[in-house]
Amino acid sequence: MSAKPPAKDPVQDAPEVSEPLHAAAGLPAVAHSLRLAHRQMGARRTALTLLRVNQPTGFDCPGCAWPEPDRPHRAEFCENGAKAVAEEATLRRVTPAFFAEHGLAELSERSGYWLGQQGRLTEPMYLDEGAEHYRPIGWDAAFELIAEELTALDSPDEAVFYTSGRTSNEAAFLYQLFAREFGTNNLPDCSNMCHESSGSALTETLGVGKGSVLLEDLYRADLIVVAGQNPGTNHPRMLTALERAKAEGARIITVNPLPEAGLERFRNPQTPKGLVGGGTALTDLFLQVRLGGDQALFRLLNKLIIERDGAVDEAFVREHTHGFDRFAEAASAADWAQTLEATGLTRAEIERALEMVLAADSVVVCWAMGLTQHKHAVPTIKEVVNFLLLRGNIGRPGAGVCPVRGHSNVQGDRTMGIVERPAAAFLDALGAEFGFEPPRHHGLDVVNAIRALRDGTAKVFFAMGGNFVAASPDTDVTERAMRRARLTVHVSTKLNRSHCVTGARALILPTLGRTERDVQAGGEQFVTVEDSMGVVHASRGRLRPASEALLSEPAIVCRLARRVLGERSATPWAEFEADYAKVRARIARVIPGFTDFEERVAKPGGFTLPHAPRDERRFPTATGKANFTAEQVTFPRVPAGRLLLQTLRSHDQYNTTVYGLDDRYRGIAGGRRVVLVHPADAADAGLADGDYADLVSEWTDGTERVAPGFRVVHYPTARGCAAAYYPETNVLVPLDATADTSNTPVSKSVVIRLTPGAACQ
Ligand SMILES: Nc1nc2c(c(=O)[nH]1)N[C@H]1C(S)=C(S)[C@@H](COP(=O)(O)OP(=O)(O)OC[C@H]3O[C@@H](n4cnc5c(=O)[nH]c(N)nc54)[C@H](O)[C@@H]3O)O[C@H]1N2
Ligand SMILES: Nc1nc2c(c(=O)[nH]1)N[C@H]1C(S)=C(S)[C@@H](COP(=O)(O)OP(=O)(O)OC[C@H]3O[C@@H](n4cnc5c(=O)[nH]c(N)nc54)[C@H](O)[C@@H]3O)O[C@H]1N2
Ligand SMILES: [Mo]
């Protein structure tokens, strides 16, 4: 049995700082993950569980959305996948006795780390209006209570149904069906804070809001650009793919304000050479761009490509694209001096990048939050598309767009209809299949849902997973908004901040995780997920559920739907709950690409969804072609004495779930309240390494927000750019500071100043 969780909140933030590392993984990674896993699960369970991750007969890793290779390695897990699994398969339990002991006032003072360390939720819990303690409630009574609140609303649009990206395809499909039969498209999801900008940009330019490459394409690429992404921490198995691509001759350009260890050098823990040897150098050219400088960089590269004789793939441009002339004219205005200032790069670096691009027959661009969470994120990603279109790098082997998704099924949830702005064709198909008229008007995304709760126009908040309060921007505003709700409901595996900041009444509905056996009336069930490259496959948990009282996510939705919709609904909810194959049969009829779903997903490795631009160079856009776009270039400007702050992940966290207090690759141990700054920028602010500072964000409306007590760490980041961890810094991001078009909070460009402060106690 594992040790008990810490009784005291261990977050005495006293970070120890050493030099950042220059290589990722290797033996220390294996040792670190096993240590954390043992602590949660003990030795036997650790071994049994970790061997089943991402195997054809096992479960899909609840970590990231990176795809599995065709023949996975016997231990196809990575350090951070192991931590994600241990977090869920922990032997620690949060029982009703825990809630009797710890009241709401106390819990809301606790750190997210402490809350998560308490273990798995075991029983449905209810917090009555004005009560200090959650108390146990039966499932039927819980559904009754939700139905009572939902039916009391003046309009279905006063309810919000949030989804985090771990929910299976089956649960997601049922959940959106329930919300729409109830009468609303208020289906915000974590994508709104994540890859929404990618979806917006790709849908407009290529006609499909998803990535266009498969793993084989990475192996075949001549050049891979990794921009705004830290795979060593957030998608560690991607490093194996990059290592293989290198072995097959690819070159890699990394675009990032930080030198991330994983992209410098990778010691593959699955090979002897990687375990004890020097590993593989990955990055050939590191472009240390300033925050938000990517659009300017790609625009200038595009101008230089157009100017070079024979560099543009003219046949492709003529046959498959639209808008080239307008774009070429806009690109001709790109200016060296302005670009060098915006990017912080040298002319020689950009020229070297250009030569690498021109020498490559096939190019893939990968990106994540470093591109999506800026005010000009959508135009930035459109510029990446322009860059690939110029040389015909879409729809052929070894080339394409590769937005690397976050949560393990965030892409699948969207495919299943978790979206607040559904396409008319999808609603038509859904309504025809289930015999109802779905609501047509658009619903609320994350930011608009917070506004609606704040303004009292939304009154019931229901979350299928996630930690909405901690993950959302403008923590104080969001918490106040949540407290105005009549009822907040969370379907969760672990305790988190969102259970402590509640509406007048609150419910916690504990659910099965990916790793656990799911037995229903129709026998043992499996679920399906879609990875970042559009591959759909089965996931089957094997562990005994954390508690007898847990219900699966599909079961929760089906029972809730029966209780709320009653006779109104012709949908066979009870049959769906008993046998998920019946849900898949309906998915196959409603969602394109899922014909013969049951049969095809039974094959090891599953099947790949169709992708028109990748498969046939067909672009289902408004023009019927791939669109060049000529957006205005944004040059981020930071007022004197200010820095641009990005809020990012440490190596020991999964979004708002904190596994530990170290960020090994960046040389931080034992604390999270650190701000990484260039030594010269720290000096300008009158601060030395080791001093404490408050981070003050300033917005054009004159308001200020403060995150106190961050240890200043001298760090080799781009000049004028700082970095600190999320979610501690979410308090600094105003609700209204969002990306154009996608409405994604601008978590990677927050203007701040550093003022002398003291360590938080
Ligand atoms: N272990 C672990 N795995 C995870 C997660 C986790 O928290 N922990 N989260 C999951 C989720 S939901 C997601 S979305 C992904 C997130 O994966 P990432 O996007 O890799 O996560 P971040 O930590 O936000 O890192 C952003 C990276 O972009 C860089 N960057 C920031 N701003 C800019 C910019 O303006 N330009 C450029 N070129 N680079 C920039 C940062 O320096 C950093 O390297 O990971 C998923 N996987
Ligand atoms: N400042 C700043 N803010 C950000 C970001 C940033 O980079 N900077 N990143 C944004 C991004 S990319 C994302 S994706 C969001 C993440 O936002 P969310 O997805 O809402 O947050 P998570 O921290 O992933 O949610 C963790 C919780 O999910 C629950 N959970 C885990 N597994 C399961 C399961 O299988 N079923 C159910 N029902 N519940 C489960 C657990 O209770 C756990 O506490 O945050 C966003 N917020
Ligand atoms: Mo994400």
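Which residue has a polar backbone atom 2.8 Å from an oxygen atom of ligand 1? Hold that thought for a moment, everyone.

Some housekeeping. This is a predicted model, where local features need pLDDT of at least 70, side-chain atom pairs count only at pLDDT 80 or more, and totals for chains, interfaces and linings use all residues. Residues are numbered from 1 along each chain as its sequence is written, chains are lettered from A and ligands numbered from 1 in the order in which they are written, and side-chain values use heavy atoms, with hydrogens and water left out.

Okay, back to ligand 1. The residue is G292: a polar atom of its backbone sits 2.8 Å from a ligand oxygen. That's a polar contact, meaning a pair of N or O atoms within 3.5 Å; inside the protein, one atom must be able to donate a hydrogen and the other to accept it, and residues adjacent in sequence count only if both atoms are side-chain atoms. Side chains join in too. H374 has a side-chain N or O atom 2.8 Å from an oxygen of ligand 1, and R649 offers a polar side-chain atom, again 2.8 Å from a ligand oxygen. On its own, ligand 1 exposes 920 Å², and the protein buries 99% of that. Those accessible areas come from the Shrake-Rupley method with a 1.4 Å probe, and for residues only the protein chains shown count as cover.

Who else is around? There are 31 residues around ligand 1, and N256, E260, D294, Q653 and N655 come nearest. Being near means that a heavy atom of the residue lies within 4 Å of the molecule or strand. The shell splits into 11 nonpolar, 16 polar and 4 charged residues. For that count, Ala, Val, Leu, Ile, Met, Phe, Trp, Tyr, Cys and Pro are nonpolar, Asp, Glu, Lys and Arg are charged, and the others, Gly among them, are polar. Helices α11 (231-234) and α20 (369-372) and strands β25 (643-648) and β26 (653-654) each give at least two residues to this shell. Those labels number DSSP runs from the N terminus: helices are H or I with at least four residues, strands are E with at least two.

Now ligand 2. Which residues come nearest to it? Out of 30 around it, they are Y162, S164, A471, E553 and T656. Three side chains each place an N or O atom by an oxygen of ligand 2: Q373 at 3.3 Å, N496 at 2.8 Å and Y726 at 2.8 Å. The protein covers 96% of the 930 Å² of accessible area that ligand 2 has on its own. Its shell divides into 9 nonpolar, 16 polar and 5 charged residues.

Keep your eye on Y726, though. The peptide bond from Y726 to P727 is cis, with omega near 5°, and P727 lies in the loop between β32 (721-725) and β33 (750-756).

On to the sheets. One is open, with 5 strands in the order β12-β9-β8-β14-β15 and parallel pairing; two strands pair if DSSP finds at least two bridges between them. Why do β12 (285-287) and β15 (400-403) each have a side without a neighbour in the sheet? Because they stand at the edges, each with a single partner strand. Neighbouring strands here are turned by 15° against each other on average, direction ignored. In the middle of that order, β8 (223-227) and β14 (363-367) pair over 5 bridges, with V226 bridging to C366 in β14. Helix α19 (347-359) packs on this sheet, touching β8, β9 (251-255) and β12, at about 130° to the direction of β12. Helix α21 (377-390) touches β14 and β15, and its direction makes about 170° with that of β14. Contact means heavy atoms within 4.5 Å; axes are lines fitted to C-alpha atoms, for helices over the stretch in contact, and angles run from 0 to 180 degrees between N-to-C directions.

Last stop: β31 (704-714). It pairs in parallel with β29 (674-677) over 4 bridges, L676 partnering V713. It also pairs with β30 (692-698), this time antiparallel over 6 bridges, and Y692 stands opposite R711. β30 and β31 form a hairpin with 5 residues between them, and G702 in the turn has a positive phi of about 90°.
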